[in-house]
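Open the model in your viewer and keep the selection panel at hand. The stops below are meant to be taken in order.

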Amino acid sequence: MNFAILGAGAWGTAMAIQLHRAGNRVTLAPRRMEHALALASERENRDYLPGYALPSDIQIGCEIAPVLMEADYVILACPSTGLRELCEKVRDALLGAEQLKMAIALCKGYERETLRAPAEIVQDLLPELTAAVLSGPTFAGEVAAGKPTAIVLAAEGDADQLLEAQHAISSESLRVYRSNDLHGVELGGSLKNVYAIGAGLCDGLKLGDNAKAAYLTRALAEMVRLGAALGGKPETFYGLSGFGDLIATCNGEWSRNRTFGEALAKGQGIDELLSGRKTVVEGYWAAQCVQDMAKKVGVDAPILGEIHRVCYSKGHPTEVVSNLMGRQLKAEH
Ligand SMILES: NC(=O)c1ccc[n+]([C@@H]2O[C@H](COP(=O)([O-])OP(=O)(O)OC[C@H]3O[C@@H](n4cnc5c(N)ncnc54)[C@H](O)[C@@H]3O)[C@@H](O)[C@H]2O)c1
Ligand SMILES: O=P(O)(O)OC[C@H](O)CO
């Protein structure tokens with residue numbers, strides 16, 4: 001199959017290497033021309049994923065229209081904040097892209113202003129394509145290195161198309177599962193980023209292994225309760241895009257969301273941590289989105305509430321512990 005990957009951050013680059021490994025023809029197209037030139041000459045993404053060689057037959061593109069011309073699938077490899085703009089560019093370049101059937105969004109987050117989910121944005125702007133999302137425990141460096149993991153590809157509608165895409169993305173080192181629960185998969189990807197900030201608070205405050213295990217267990221319970229109320233299937237949150245990615249991100253040494261929480265607990269300020277950084281901390285933005293969504297459906301989500309307070313209302317990390325521990329006692333389920 002022929003894949004066009006638009007956006008060459010860490011994850012778009014790792015996916016290019018993975019899709020090539022799976023036997024596909026791949027074109028990687030960053031947003032900026034200078035970046036395309038650097039990728040083409042250095043055969044490495046020194047800005048976002050240093051240390052992983054881009055195989056020589058991965059093509060580097062820049063203009064979207066020619067890249068889409070031959071593509072069967074387009075991978076939208078940008079953060080949630082850039083997805084609408086990227087979809088608009090794809091829409092304007094669709095003429096002549098006759099083979100193109102599916103647009104797969106990689107971002108784990110909602111559009112801040114509208115609370116639209118990634119697949120909804122794709123459906124709004126590219127109604128002629130099947131909207132899909134790919135989510136699960138997949139740190140870019142490990143996937144690029146060919147270390148084994150599993151991921152879930154979710155789309156509604158045409159079952160044969162989903163099956164074909166599942167096989168095209170899979171390789172010996174990446175096992176792809178399929179799902180029709182778009183909402184659930186997207187919610188899991190966003191929620192786990194928020195809870196990873198809490199896991200970072202736990203680590204930064206050196207609360208210990210018991211605390212971390214208790215935190216993860218209650219975060220999963222909250223993810224299932226809130227995610228189901230927001231329209232996801234409960235079983236999806238026990239899967240790769242929910243529980244799987246929660247465990248990976250809350251424990252991942254290099255997770256941007258977990259290390260953000262850890263740095264907050266050690267006293268660094270939010271402005272200092274967010275300003276001038278090249279890479280995204282999706283969980284910070286998702287905390288606002290999912291807090292708004294939780295309020296709309298009236299679900300009690302105390303862990304989310306505490307992380308939101310630290311992120312947006314100057315809540316102190318140590319208060320999170322006393323607030324959560326001091327809640328009224330209740331039955332576990
Ligand atoms: N890095 C990972 O390990 C990983 C794994 C799975 C999912 N994700 C998710 O994938 C998304 C992207 O993550 P990343 O790690 O690649 O981010 P990154 O911070 O490494 O890079 C983001 C890239 O997106 C590009 N970009 C931003 N706006 C764009 C736009 N409008 N059009 C085209 N490109 C645009 C930037 O130029 C940059 O190259 C995030 O939502 C993240 O949560 C990341
Ligand atoms: O580095 P993070 O925290 O954005 O997490 C990356 C991936 O989502 C892990 O699956």
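A residue is taken to be around a ligand if its C-beta atom, placed from the backbone, lies within 6 Å of that ligand. Bear in mind throughout that this is a predicted model.

**Stop 1: the shell around ligand 2.** Select Lys-108, Pro-137, Thr-138, Phe-139, Ala-196, Asp-245, Ala-248, Thr-249, Ser-255, Arg-256, Asn-257 and Glu-282, which are the residues around ligand 2. Two elements, α11 (240-251) and α12 (256-265), each give two or more residues to this shell. Helix α11 supplies the largest share, with three residues. Colour the shell by residue class: four residues are nonpolar, four are polar and four are charged.

**Stop 2: the annotated positions.** Narrow the selection to Lys-108, Arg-256 and Asn-257, where an unreviewed UniProt entry places the feature "binding site". These positions span 150 residues in sequence, yet no two of their C-alpha atoms are more than 12.7 Å apart, so they gather at one spot.

**Stop 3: Lys-108.** Centre on Lys-108, in the loop between β7 (102-105) and α5 (118-125). Is Lys-108 buried or exposed? Lys-108 counts as buried because it has 29 C-beta neighbours inside 10 Å, where the threshold is 20 or more. Beyond four places away in sequence, Lys-108 touches Ser-135, Gly-189, Ser-190, Asn-193 and Glu-282. Of these contacts, Glu-282 is also listed in the shell around ligand 2.

**Stop 4: Arg-256.** Move to Arg-256 in helix α12. Arg-256 has 20 C-beta neighbours inside 10 Å and therefore counts as buried. With neighbours within four places in sequence left aside, its contacts are Thr-279, Val-280 and Val-281.

**Stop 5: the nonpolar core.** Next, select Ile-5, Val-74, Ile-75, Leu-76 and Ala-103, the residues with the most contacts inside the largest nonpolar core, which has 112 residues. Add helix α8 (residues 182-204), the source of the largest share of this core, eleven residues. In soluble globular proteins, nonpolar side chains tend to be buried together. Zoom in on Ala-103: sequence neighbours up to four places away aside, it touches Val-74, Leu-76, Val-90, Val-122, Leu-126, Leu-129 and Ala-131.

**Stop 6: Gly-96.** Finish at Gly-96, in the loop between α4 (83-92) and β7. Gly-96 counts as exposed, because it has 12 C-beta neighbours inside 10 Å. Not counting residues up to four places away in sequence, Gly-96 touches Ala-65 and Met-69. For a distance check, pick the C-alpha atoms of Gly-96 and Gly-184: the two residues are 88 residues apart along the chain, and these atoms are separated by 34 Å.

How values were computed:
Residues are numbered from 1 along each chain as its sequence is written. Chains are lettered from A and ligands numbered from 1 in the order in which they are written. This is a predicted model: local features need pLDDT of at least 70, side-chain atom pairs count only at pLDDT 80 or more; totals for chains, interfaces and linings use all residues. Helices (H or I, at least four residues) and strands (E, at least two) are DSSP runs, numbered from the N terminus. Ala, Val, Leu, Ile, Met, Phe, Trp, Tyr, Cys and Pro count as nonpolar, Asp, Glu, Lys and Arg as charged, and the others, Gly among them, as polar. UniProt positions are given in the numbering used here, feature names are shortened, and annotations may be inferred rather than shown by experiment. Two residues are in contact if their C-beta atoms, placed from the backbone, lie within 7 Å. A nonpolar core is a set of buried Ala, Val, Leu, Ile, Met, Phe, Trp, Tyr and Cys residues joined through C-beta atoms within 7 Å.
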